[in-house]
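Biologist: I am new to this structure and would be grateful for a close look at a single part of it. Please take one helix and explain how its residues are placed and what surrounds them.

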Amino acid sequence: MAKRIHSDPLTFNRLEKAVREHEVSGRTPSAAFLIWFLKTIYRLDLVEAQDAVCDKKFDIGIDALVASDNQQEIVLFQAKRAEKLPATLGDTDLKKFVGTLAHFRTEQAVTRLVQTCKNDDLRRLLVASRAAEKIGKGYKLRLIFVSNVTANEDAGTYIKYAADAGDTIDLWDLARLGPVLNQLATEWFVEKRITLNAVPDRMFLDGPKKDPRLIFAAVPATELVRLPGIEDTRVFAQNVRLWLGN
C-alpha cells in the first residue's frame with residue numbers, strides 16, 4: 001500500500017508564524033508568503049522581494065517575476081497558501097502555472113502581454129526587467145512554485161511529465177521548507193573556543209614573532225573536522241559571502 005502523503009501540522013504552523021510579519025493591509029496571503037520566500041530562500045533583500053511581487057487581480061498566474069542577468073534567465077514565481085489543514089498540493093495549480101508560459105515563449109508574446117496586461121504591477125515588472133528583449137536574446141524561463149502544504153503523488157507525477165516536455169518546475173512545498181525552518185530556528189553563532197594544531201614548518205608570520213599582524217598556517221584536515229559546528233555547518237554561518245544570494 002502506498003504511503004499516505006499529508007502536510008505536517010507542526011511545520012505548517014511554524015511556517016505560518018514565520019510568514020506573519022509580512023502580512024499587511026491590502027496584501028494577499030499568498031503575496032505575504034511569497035515575500036517571505038523571496039527574502040529567506042531566494043535571498044533578495046526586503047525591498048527587492050516586495051517589488052518583485054505582482055500577486056493581484058489579472059496577474060495571469062504569475063505572482064512574482066525576477067530577471068537574473070547573471071544566470072540569463074527570467075524567473076517566474078507562483079505561490080499557493082492554504083488557509084488550514086488537512087490539505088495537500090495536487091497537479092491542478094501546477095498545470096495552470098505551466099500554462100502561463102504561453103505568454104513568455106517568445107519576445108513577441110511578452111510584448112503582446114505588456115500591451116494587454118491589466119495588472120499594473122506585472123506590467124511594471126515586465127517593462128523594468130526588459131523581459132521581452134531578454135527573451136529575444138535567449139534568456140531561459142525558470143519556474144518556481146511555492147506552497148505551504150506538501151505536494152501529493154499527482155503533483156509529483158505531473159512535475160515529471162512537465163520536465164520531460166522541457167518545463168522544469170522548481171517546487172518548494174511544505175516538506176522541502178521544513179528543513180529551512182529548522183535551520184532558521186538554530187543558534188548559528190558558535191561560542192566554543194578550540195585550539196588547532198598547525199603544521200610546524202608550514203607556519204609563516206607577518207610582523208614581529210611575539211606580536212604578528214597576521215599568521216599563515218597549514219592545518220591538517222583531521223584538525224578541522226574537530227571544529228565545533230562543523231557537523232551542522234554552523235561554523236560557516238558568519239561567512240559574509242553566504243549573504244550574496246544568487
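Modeller: A contact, as the word is used here, means heavy atoms within 4.5 Å. The model is a predicted one. The part chosen is helix α5, which spans residues 107-116.

Which residues of helix α5 are buried? They are A109, V110 and L113. When α5 is viewed down its axis, these buried residues fall within an arc of 95°, so they line one face of the helix. The face turned away from that buried side carries Q108, R112 and Q115, which are exposed.

Against what do the buried residues of α5 pack? Their partners are α6, residues 120-128, and α7, residues 131-136. Helix α7 includes I135. With a relative accessibility of 10%, I135 counts as buried, because buried means under 20% relative accessible area. Leaving aside residues up to four places away in sequence, I135 touches I74, F104, R105, T106, E107, V110 and L141. One of these, V110, is also among the buried residues of α5. L89 offers a contrast in position: L89 and I135 are 46 residues apart in sequence and 30 Å apart in space, C-alpha to C-alpha.

Another helix may be read in the manner of α5. In helix α1, residues 9-19, the buried residues are T11, F12, L15, E16 and V19. They cover an arc of only 135° around the axis, which puts them on the same side of α1. L10 and K17 are exposed on the other side of α1. The packing partners of the buried residues of α1 are α2 and α9.

These two partners also meet each other. The axes of helix α2 (residues 29-40) and helix α9 (residues 174-184) come within 13 Å and cross at roughly 65°. Helices α2 and α9 are therefore roughly perpendicular to each other. The crossing in which α2 passes α9 is left-handed. From α2, the contact is made by F33, W36, F37 and T40, and from α9 by L177, V180, L181 and L184. Sorted by class, the contact of α2 with α9 has seven nonpolar residues, one polar residue and no charged residues.

To return to the part requested, α5 has its buried residues on one face, packed against α6 and α7, while the face turned away carries the exposed Q108, R112 and Q115.

Note on methods:
Residues numbered from 1 in each chain as written. Predicted model: local features only at pLDDT ≥ 70, side-chain atom pairs only at ≥ 80, totals over all residues. Heavy atoms only, no water. Buried < 20%, exposed > 50% of the residue type's maximum accessible area, 1.4 Å probe, protein only. Helix = DSSP H or I, 4+ residues; strand = E, 2+ residues; numbered from the N terminus. Arc of directions from axis to C-beta. Axes fitted to C-alpha atoms, helices over the stretch in contact; angles between N-to-C directions. Parallel < 35°, antiparallel > 145°, perpendicular 65-115°, else oblique. Left-handed = near helix turned anticlockwise from the far one by under 90°. Nonpolar A, V, L, I, M, F, W, Y, C, P; charged D, E, K, R; others polar.
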